[in-house]
Amino acid sequence: MKITSAEFVVSNSDVSKCPNNILPEYAFIGRSNVGKSSLINMLTNRKSLAKTSGKPGKTQLINHFIINKNWYLVDLPGYGYAKVSKSAKKVFQKFITDYFSKRKQLVSAFVLVDIRHKPQPLDLEFMQWLGENLIPFSIIFTKADKLKPKAIDKHIDDYKNILFESWEEMPNFFITSSSKGIGKEKLLDYIESINNTI
Ligand code: GTP
Ligand code: MG
């Protein structure tokens, strides 16, 4: 898919104030600093459409970006930054949970995980929660520029093994690097293929 336009629409902390139309949307979620906002900029060829930072906790609201005037990318705050409890539901700010449980326009979530790290309980718990709530999701491995190809393969095998403990199938996954542009076409083509079925 070719991106012809990408515009910021609105930020808010209340799911009821998100854009009130029926365009399909895709949300990026994951730990703070994993690269959600950077990936939005990479996919849209825009340096600072979404605000990024080396410090965790930069994105604090639900941010809607309209792409090609007919679908949305949604940038969300990271979880795991304001750690208040081990229980996933308490850790995720309430509006993130609200967003995922109430937003009917959400077609799929993308759970971003840093390719360098072992599967983290918080990410696995969040995927479990999405599954229990029947919210489709794919996994996006970020920062692939930080590892050599062999290490990437090994990491993904390890991840699969952990996921197979609780899932019958490995969710769809994508390998990306925002700094090197890796994974852009595959991810955009995947979104396009879903948009074409709606
Ligand atoms: P929050 O908004 O705090 O939840 O973080 P975020 O997930 O939106 O992360 P953000 O995109 O702000 O990126 C965090 C840091 O990781 C920044 O310093 C980015 O430059 C860096 N980063 C993001 N993606 C990549 C990548 O693909 N490769 C490398 N090497 N660095 C990356
Ligand atoms: Mg961000």
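Biologist: Which strand is E6 joined to by three bridges, and how do the two run?
Modeller: That's E7, residues 173–175, and the two run parallel. Keep in mind that this is a predicted model.

Biologist: Who stands opposite Phe 141 over there?
Modeller: Ile 175 in E7.

Biologist: And what links up E6 and E7 into a unit?
Modeller: Helix H5, residues 149–164; E6, H5 and E7 make a right-handed β-α-β unit.

Biologist: What about E5, how many bridges join it to E6?
Modeller: Six, and E5 (residues 106–114) also runs parallel to E6. If you want a pair to look at, Leu 112 has Ile 140 in E6 as its bridge partner. There's a right-handed β-α-β unit here too, made by E5, helix H4 (residues 121–132) and E6.

Biologist: So is E6 buried or exposed?
Modeller: Buried: six of its six residues are, so the strand is largely enclosed by the rest of the structure.

Biologist: Which E6 side chains point which way?
Modeller: Phe 137, Ile 139 and Phe 141 go one way, while Ser 138, Ile 140 and Thr 142 go the other, and all are buried. In a regular strand, side chains alternate between the two faces of the sheet.

Biologist: Switching to the metal: what are the protein donors of the magnesium ion?
Modeller: Ser 37 through OG and Thr 59 through OG1, 2.0 to 2.1 Å from the ion (ligand 2). Ser 37 lies in helix H1 and Thr 59 in the loop between H1 and strand E3, so the pair ties together parts 22 residues apart in sequence.

Biologist: Are those two buried or exposed?
Modeller: Ser 37 is buried at 7% relative accessible area, and Thr 59 counts as buried at 14%.

Methods: Residues numbered from 1 in each chain as written. Chains lettered and ligands numbered in written order. Predicted model: local features only at pLDDT ≥ 70, side-chain atom pairs only at ≥ 80, totals over all residues. Heavy atoms only, no water. Donors = N, O, S within 2.8 Å, 3.2 Å for Na, K, Ca; no water. Helix = DSSP H or I, 4+ residues; strand = E, 2+ residues; numbered from the N terminus. Buried < 20%, exposed > 50% of the residue type's maximum accessible area, 1.4 Å probe, protein only. Pairing = 2+ DSSP bridges. Right-handed = clockwise from strand over helix to strand, strands pointing away.
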